[in-house]
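Here is a short report for a reader meeting this structure for the first time. Please keep the sequence and the model in view while reading.

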Amino acid sequence: AADFLCAWPGRVGIAVDAGGASVVQRWQVDADAWVPLPGDAEHWPQQVVLDGQPVAVVDRGGPSVRLAAGSHELRARIPWRERPQSLRVPPRAGLVALTVDGKAVEPVQRDGDELALGRSGAAAPEADSLELRVYRRLADGVPATLTTSIELSVSGQAREEIVDRKS
């Protein structure tokens, strides 16, 4: 059965707030199958409901639920004390609709099976700063040579900075 794909995931809806993430996903299953859920050992799905009924979650390389053939809807809550910067979402979940603190995030950022959630609301953002130092050394000789060294000290959020030559 490992050679055949019997479970087809629908879009995963993930609504993130300060206390956790609410997850909703539909599945079309052609034969009994284990399906993965978002989360990991540190952020384990709680209050998991399959078609309106509580269901057990088993660790099969991550949180998983056994589904019988048919069309199903899974709902879960992943609680946390402080929002992580990313959440594990199985690669099989190709379509993700993410909202963070009530605001839709488009496009979502994924790195392998990690879905970026952004900074925690409780974490104070680091101030953006950019320090640029330019050193020049002129070696007097024939021909004269000018050596320029540039040092950058950058902190804060990831961003693009354009350094322009001023007269």
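The sections below go from the whole chain to single residues.

## The chain as a whole

The model is predicted. Its protein chain has 15 strands and 0 helices. The chain is more spread out than a compact globule, because its radius of gyration is 24 Å, well over the 15 Å that the globule rule gives for 167 residues. Along the principal axes, the C-alpha atoms fill a box of roughly 85 × 40 × 25 Å.

Of the 167 residues in the chain, 26% are buried. Contacts also reach across the sequence. Take the contacts between residues at least 6 apart in sequence: 62% of them join residues at least 24 apart.

## A sheet of three strands

Strands of a sheet pair through backbone hydrogen bonds, either parallel or antiparallel. Which order do the strands take in the open sheet of 3 strands? The order is β3-β7-β6, and the pairing is antiparallel. The edges belong to β3 (33–36) and β6 (58–59). Each has a single partner strand, so one side of each is left without a neighbour in the sheet.

Look next at β3 and β7. Strand β7 covers residues 63–67, and its antiparallel pairing with β3 runs over 4 bridges. Within this pair, P36 stands opposite S64 of β7.

## A hairpin and its loop

Strand β14 takes in residues 129–139, and strand β15 takes in residues 145–155. The two pair in the antiparallel sense over 11 bridges. One bridge joins L130 to V154 in β15. Together β14 and β15 form a hairpin, with 5 residues between them.

The loop between β14 and β15 holds P143. Here the backbone has a cis peptide bond, from V142 to P143. Its omega is near -5°.

## The cavity

How many cavities of 30 Å³ or more does the structure hold? It holds 1. The largest cavity has about 40 Å³ of space. Its lining is made by V23, Q25, L37, P38, L74, R75 and A76.

Two strands, β2 (20–29) and β8 (70–79), each supply at least two residues of this lining. The largest share comes from β8, with 3 residues. By type, the lining residues of the largest cavity divide into 5 nonpolar, 1 polar and 1 charged.

## Two loop residues, A18 and H43

Start with A18, in the loop between β1 (7–17) and β2. Is A18 buried or exposed? Its relative accessibility is 59%, so A18 counts as exposed; the cut-off for exposed is over 50%. Leaving aside neighbours within four places in sequence, A18 is in contact with W80, R81 and D101. A18 and W34 are 16 residues apart in sequence. In space, their C-alpha atoms are 30 Å apart.

Now turn to H43, in the loop between β3 and β4 (46–50). H43 has a relative accessibility of 10% and therefore counts as buried; buried means under 20%. With neighbours within four places in sequence left aside, H43 is in contact with I78, W80, P84 and L87. W80 is thus listed among the contacts of A18 and among those of H43.

## Positive phi at D51 and D101

Two aspartates have backbone angles worth a look. D51 lies in the loop between β4 and β5 (53–54). Its phi is positive, about 50°, although D51 is not a glycine. The relative accessible area of D51 is 40%, so this residue is partly exposed.

D101 sits in the loop between β10 (96–100) and β11 (103–105). Phi of D101 is near 50°, again a positive value in a residue other than glycine. D101 has a relative accessible area of 48% and is therefore partly exposed. D101 has already appeared above, as one of the contacts of A18.

Conventions: Residues numbered from 1 in each chain as written. Predicted model: local features only at pLDDT ≥ 70, side-chain atom pairs only at ≥ 80, totals over all residues. Heavy atoms only, no water. Pairing = 2+ DSSP bridges. 1 Å grid on protein atoms, 1.4 Å probe; cavity = no way out; pocket = protein on both sides within 12 Å on 5 of 7 lines; lining within 4 Å. Points joined across faces, edges and corners; volume = space filled by probe spheres on them. Nonpolar A, V, L, I, M, F, W, Y, C, P; charged D, E, K, R; others polar. Buried < 20%, exposed > 50% of the residue type's maximum accessible area, 1.4 Å probe, protein only. Contact = heavy atoms within 4.5 Å. Rg over C-alpha atoms; globule rule 2.2 N^0.38 Å.
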